[in-house]
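Trainee: I should like to learn how the features of a structural model are read. May we work through one together?

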Amino acid sequence: MLRFKLDNRVLTLALESAGGGSPYRNEAYDHWHALLAGLVAEARGPQAADYLAHALLAAVRSDLVEHLRDWPEARWHAGLDALVGSVLGDDGKTV
């Protein structure tokens, strides 16, 4: 998802705004959230899976990608790997 958003910043900004100005009001967001919530629940249990899925998706929101557009790709991956590892409890494994 990050790769696509880095490569298509303008398009993804428009797509995320398609649901009434909020990235949370469209079917694509619902799809990705449900998928991530399921994966997080498998890894950590269901207690916080719903929230953590929202937090992971927030880490690759198009407006954030646009804001940090000048970051080197390695910096993006290091940050995202650390976040995902923290959420999934992977103790530093990369994604």
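Mentor: Helices are DSSP runs of at least four residues, numbered from the N terminus. The model before us is predicted. In these terms, R61 lies in the loop between α4 (49–58) and α5 (62–67).

Trainee: Which residues does R61 touch, not counting residues up to four places away in sequence?

Mentor: R61 touches K5, E16, P23 and Y24. In addition, the side chains of R61 and D63 are joined by a polar contact of 2.5 Å.

Trainee: How should the buried residues of helix α3 be read?

Mentor: An α-helix has 3.6 residues a turn, so residues three or four places apart point the same way. In α3, the buried residues are Y29, H33, A37 and V40. They cover an arc of only 70° around the axis, which puts them on the same side of α3. These buried residues pack against α4 and α6 (73–88), while E27 and E42 are exposed on the other side of α3.

Trainee: What does the span of α3 show?

Mentor: At 1.5 Å a residue, the 18 residues of α3 (residues 27–44) should span 26 Å; the end C-alpha atoms are 25 Å apart, which agrees. Just after α3, G45 takes a positive phi of about 100°.

Trainee: How many aromatic pairs does a search of the whole structure find?

Mentor: The search finds 1 aromatic pair. W71 and W76 form this tilted pair, at 5.8 Å centre to centre and with 55° between the planes. W76 counts as buried at 5% relative accessibility, whereas W71 is partly exposed at 32%. The charged end of R75 sits over the ring of W71, 3.8 Å from its centre.

Methods: Residues are numbered from 1 along each chain as its sequence is written. This is a predicted model: local features need pLDDT of at least 70, side-chain atom pairs count only at pLDDT 80 or more; totals for chains, interfaces and linings use all residues. Side-chain values use heavy atoms; hydrogens and water are left out. Rings of Phe, Tyr and Trp (its six-membered ring) pair if their centres lie within 6.5 Å; planes under 30 degrees apart count as stacked, over 60 as edge-to-face and the rest as tilted. Buried means under 20% relative accessible area, exposed over 50%, partly exposed in between (1.4 Å probe, protein chains only). A charge sits over a ring if NZ of Lys or CZ of Arg is within 6 Å of the ring centre and within 35 degrees of the ring normal. Helices (H or I, at least four residues) and strands (E, at least two) are DSSP runs, numbered from the N terminus. A polar contact is a pair of N or O atoms within 3.5 Å; within protein, one must be able to donate a hydrogen and the other to accept it, and residues adjacent in sequence count only if both atoms are side-chain atoms. Contact means heavy atoms within 4.5 Å. The expected span of a helix is 1.5 Å times one less than its number of residues. The arc is that of the directions from the helix axis to the C-beta atoms.
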